[in-house]
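Me: I should like to learn how to read the helices, the cores and the chain contact of a model. Please take me through them in turn.

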Amino acid sequence: MPKRTDIKSVLLIGSGPIVVGQACEFDYSGSQACKALREEGYRVVLVNSNPATIMTDPCVADCTYIEPITPEVVESIIRKERPDALLPTLGGQTGLNTAMELAESGVLDRYSCELIGAKADVIRRAEDRAQFKKAMEGAGLSCLRSELVTSVAEAERVAERLGYPVIVRPSYTLGGTGGGTAHNVEELREIVADGLAASIRHNVLIEESVLGWKEYELEVMRDRHDNAVIVCSIENVDPMGVHTGDSITVAPVQTLSDAEYQVMRDAAIRVLRAVGVETGGSNVQFAVHPKTGRQVVIEMNPRVSRSSALASKATGFPIAKIAAKLAVGYTLDELKNDITKKTPASFEPVLDYCVVKIPRFAFEKFPGANPRLGVSMKSVGETMAIGGNFREALQKALRGLEIGVDGLDLKAEQRVPTDLLEEALAAPAQDRIFAIKCALKRGMSVEAIAERTQIDPWFVDNIAQIVEIEHEIAAFPAGRPLSVQLLWKAKKSGFSDRQIAALRSCEELEVRRLRHELNVRPVFRLVDTCAGEFEAVTPYYYSTYCGTVQEARRSERPTVMVVGGGPNRIGQGIEFDYCCVHVVQEMHELGYETVMVNSNPETVSTDYDTSDKLYFEPLTLEDLLNICDFEKPIGVVVQVGGQTPLNLALPLKRAGVPILGTDPEDINRAEDREETRKLLDALGVKQPDSGTARTVEEALAVADRVGYPVMIRPSYVLGGRAMMVAHTPHEARPFIQAAFHASPGFPVLVDRFLDRATEVDVDLLCDGQTVYIGGIMEHVEEAGIHSGDSACCIPPHTLHPATQRRIESVCRRMALALNVKGLMNVQLAIRDNEVYVLEVNPRASRTVPYVSKATAVPLARFAARIMFGMSLAGFGLGERPPKLPWYAVKEAVLPFNRFHGVDPILGPEMKSTGEVMGVGETFEEAHWKSQIAAGTALPTEGLVFLSLADRDKNWAGEIGWDLNELGYRLACTQGTAETLRAAGVEDVMLLGKIHENNKPDILDLMREKRVSLIINTPSGARARLDEVGIRAEAVQLNVPMITTVAGAKAAIRALRQMRGRSCTVRSLQEIYAGGTLQNSGGQG
Amino acid sequence: MKRAIVALEDGRFFEGESFTGDGEAFGEIVFNTSMTGYQEILTDPSYHQQIVTLTYPLVGNYGVHPQDAESAAVRPAALLIGECSRIHSSWRAQGSLQDFLWAHGTMGVHNVDTRAITLHIRSKGAMRCVVSTVDLDPQRLVGKARAWPGFIGRDIAGEVTSPVSYEWPGPHGGVSPFSPASADGVGSWDAVLQVELNGARRFRVAVLDCGLKFNQLRILARLGCELTVFPIYTPAEEILRFRPDGFFISNGPGDPAGMGAVAENIRKIVETGLPTFGICFGHQLLGLAFGGRTFKLKFGHRGANQPVLDRRTGCVEITSQNHGFAVDIESLPAEIETTHINLNDGTSEGMQHRHKPVFSVQYHPEAAPGPHDAAPHFRRFISLMSN
């Protein structure tokens, strides 16, 4: 069937900011979909609030709206653009839910906008648990026994009937928010109450437990002719009970016989038919009883998902691209397999390798969070590895995880508390795979471990084989080089050079030398969708020691290699992937053969369409050198992938690999505090007093010298890990200890903390001769909040132009002094009109995509040109962007709702997972939009609870007065009430303090849904219990909350200007072309 | 583990380790891309005297089970794989792959670069091969591979067909088919086959055993057929004397072009207007019976992911395949309609007679291993007999 000609334009909704459960994979799927639809001649209208995405580059869609993803805003866009169709299945749960709200409210009908890919009733059938169950039963498919409830009391009755434990699942939520396993009635009450609050339908499903069953997923594509193919089968190593996003998973399935697998395949296709998914990709999850083989359908997603991104990377089958083409009417047999270019897309990919995915967690960022894994997803990223067998893939993935282990090595064992080994086996947590190794080394049998962990013995036995090889290596006579047989055996099971070196007490490079002497080298094999049956055209490679034939081909053209950022984590995510993609694209355009190396399956950079060649490999020195040995690149780019490639820059250079752009020695110079200090002094640039210390006592002495408050930070960490502000020596001591702990063996840095200062970030380009100031970002929050967690504005909303010029001058001098060739980021503090430099990083920063979007200058692309020696003068860029007729505010999005009980406050340690951008004619409009986009829309009326720390009390009167004037009612406790009264605010609702049990208190009000906004600033690093309770509860109940005075003031400014007005939507193309926001139409 | 060498007639050789002890085996080397179903592949008579390379490297993970056998013997001369799993893990397993091969005296070799073999066969075609642990001199082995006569002059199908006729299940009655545990007891096959469990009509079906797979007969039996299996050289008259309602021609090994006599027998039966269904080798024999030609494919279709287009409906079936020869579409007379083609290479996958109740498919609707998409062809056969 040919494509549809009755539709001309298609609206795509993105997934918004990166949050737990929704990450880069939807940038990957959305970008693919945009490309696929435009290839077919459709006009694509896109909305996504996340500026760090490739999909929101103005060249990807025809009309790109970086606007909040709410039904109201999307309606304005529909009204303005009049798309013929809305494709709801490529923007994650956010895109799907928004599309559903538009369908149900009649907006789509009103504007004759057709849902393609999945109709509303189909989405409802898939997402609504009761309807889904009914559809499954109708199709004769076995499901779990369960009942839908709308109250806690009802839940208790159902749980009694089913027997504990029971699983609680709210409808329509992402990544299982609000769900959980209840082992008894107390747990049930708590989980159900949370779940009811989280569900937009206010109902939850109480379900029989399949804890410990084996878990599987099939990725299915179906077209209008009812042709269906399974793109990928995935087996979870962790059994049911751990969210699949938090599980180690393997593709293809390993422990199902064909007879069983085909039954599952039939069921998956029947699920799609029963739900009615007409076209596109869906994912169906199954549980299988390990002893009886009983198979049950758990759930299905009628859209592309994180698993489908994984499946695409694991097989080479581009699910999102094909899904988009199916949605506009093609059938699978009419589309080509991208990799072979000859065979059709209507086939099932076959693998001749093993793929392992491991989730990456960030519990160290959230002290107090429960590290036990369950049905609500907690991981923030993932890494994937491809190998010739499970062991090779597993060990590659473990070193690709970048958590300081070189595989299933000796260091991995240290992560397991040996006295709690039994518990570590029984309770699913992030290091359980390491606990299995420890247990095996202690002599526990494969069967015993399988029983305790409910992990299939096949996986445990493979780990046992790794342990045996480790023993062989360690036991090999000392003083003699390893035998060639043993070396091959170890490498075929995924042992890294470092892992072997640690067992032989030698250096990594010695093992490498030995390998080269004995010619023990990997080959690069193609991921070709067809296990070699057909010739592959697309060069997508992985390394393995299990092969004998080198399939990679060197290009005639000079080759450049870009090193990506690895798994997403807090502080390093999509922003760096964005930069990598831009650099690769630009270098390709300059005529180079581009090689991308990365280990993160969610990303656009690991789309084999992005670069000329893709190597899906862990980002370690060994793995990169193996690629360099073969590709012989003329240069490697390390400055755009975040900390991961940066840490490899010097070792690569010392191994003889040419580095493009800023010299690694110069990068290192900027990382070294003492060197930086000397440099800044020489330049006459001010910085806060500081010092480094190697012991706690030294650090305290430095603090005394520079004066309190002080900022305490470890060396070589990412995203402000373990950074804290201390106001007294008493506070400082534990923070100093924590900092030493975070970066063992390295000095701790103590700086004078500039409180009440305005913080500024600058991203710039330097070619060694001249400097282009990409953007000055003025933070909304004061210095002391990690720049990644602060809202900020381009252009600066309060800084005087004269101050801006001085900032630029400081940055310029530093960039030239550091001999920067490419990007540099500077963090500064402005206090009493003095400019202080806080940090200098001669590399791409997290803010590059935001600055690029806000100023319409793609910084990373120009950086790529500079790396080849081109000069800024040739690009037509002046000293800075022209005066912008708009404001762009970036706001951070925080994951506190995933980590129950953690105090949701901002500080020097970064905690956000993602960001959004709001664009407006004024700072207030832009800020207003950014708040809506971040999911913390400011309430336009109602009751505001005000509670400020003592040092913020001065502001209480001002904030209270303003709110009162805007018509809000205020609630507070006695102390604040007095301050308010003194400021002339009389009408205050007085609340009791929580710890005095004086009712009603703020918790009661929140639970009664009477509070529309909470303004609560933490009273110090060790916040009082009451405060923590209020904030944690607000996060759980989804009450908007502001935790800084600066944030509150910005909010009041925005409210004053924007309240009662609806936002005007503007596409990037309009903004950039017009250069002005006036007359852009589309009044919403 | 014994070091083993795999040597091909064109001089290429590969190294591996035998996990079934010493031996030397000759055969035609082929590859199969299925990721599951090693036991079904090993017991498929169409692999008789072939050396089978599985492209998926991790094999033996779920052990073996009598229900997964497609015939009473292991058919290939040797199995070449990436890694034979040290343990097997499945609630169903009744033994290991290693023991299974050992018990049937078939060589199993692992730690072989199976992808290298696959890429080689893809570019050079299927060829004669020897696998040995007793002779490790590659050049001498290449010579042996060249000296092996291969299938020339050998009656390959005759080596696997039943020596006598019998009523299904006959000697194979001991094992019930796999039925997945599920709450409602509806087996997956029954759903795709739309089995009417009560009151279904019974048919007498004559089966020509060219190397049949059990699942073909299990499905026909499930659909109400009473099956009598005849050896491949049974004269047409003898089969017709049995007065069947339908005629089924199974898959089997070897070159159909050498089967002129069998094709002639088939022609006689088909001409009577007896509803006839052929699978794989049966499809090729029918092609010959209709006056067409067959030819050898470079490296065949072996796997569980082959896309087949039904030209009449425009729908695609994902099919299980195992064949090295194909029917030349152009050689068929006008009364034969090519109903199905392979979407990868456009070769013949199905045909039907325009006037007679005769049809055939090149692939395996009985799957085992592979997807069940094509199962409705069995119903089609039942419908022909019902009319």
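Reply: The dialogue below goes from one helix to a helix pair, then to the cores and the chain contact. This is a predicted model, in which local features need pLDDT of at least 70 and side-chain atom pairs count only at pLDDT 80 or more, while totals for chains, interfaces and linings use all residues. Residues are numbered from 1 along each chain as its sequence is written, and chains are lettered from A and ligands numbered from 1 in the order in which they are written.

Me: What span should the 15 residues of helix H1 of chain A have?

Reply: Helices (H or I, at least four residues) and strands (E, at least two) are DSSP runs, numbered from the N terminus. The expected span of a helix is 1.5 Å times one less than its number of residues. For H1(A), residues 25–39, this gives 21 Å, and the end C-alpha atoms are indeed 21 Å apart. Just after H1(A), Gly41(A) adopts a positive phi of about 90 degrees.

Me: How many residues of H1(A) are buried?

Reply: A residue is buried if 20 or more other C-beta atoms, placed from the backbone, lie within 10 Å of its own, exposed if 12 or fewer, and partly exposed in between. Twelve of the 15 residues of H1(A) are buried, so the helix is largely enclosed by the rest of the structure. Among them are Phe26(A), Asp27(A), Cys34(A) and Leu37(A).

Me: At what angle do the axes of H5(A) and H6(A) cross?

Reply: Two packed helices are described by the angle between their axes and the distance between the axes. Axes are lines fitted to C-alpha atoms, for helices over the stretch in contact, with angles from 0 to 180 degrees between N-to-C directions. Here H5(A) (residues 120–127) and H6(A) (residues 129–138) have axes that come within 5 Å and cross at roughly 90 degrees. The two helices are therefore roughly perpendicular (65 to 115 degrees; under 35 is roughly parallel, over 145 roughly antiparallel, the rest oblique).

Me: Which residues have the most contacts inside the largest nonpolar core?

Reply: In soluble globular proteins, nonpolar side chains tend to be buried together. A nonpolar core is a set of buried Ala, Val, Leu, Ile, Met, Phe, Trp, Tyr and Cys residues joined through C-beta atoms within 7 Å. The largest has 451 residues, and Val271(A), Val355(A), Val356(A), Val583(A) and Ile712(A) have the most contacts inside it. Helix H9(A), residues 258–275, gives the most to this core, with eleven residues.

Me: How many residues of chain A are in contact with chain B?

Reply: Residues are in contact if their C-beta atoms, placed from the backbone, lie within 7 Å. On that basis, 54 residues of chain A touch 52 residues of chain B. H9(A) supplies the largest share of chain A's side, eight residues.

Conventions. Two residues are in contact if their C-beta atoms, placed from the backbone, lie within 7 Å.
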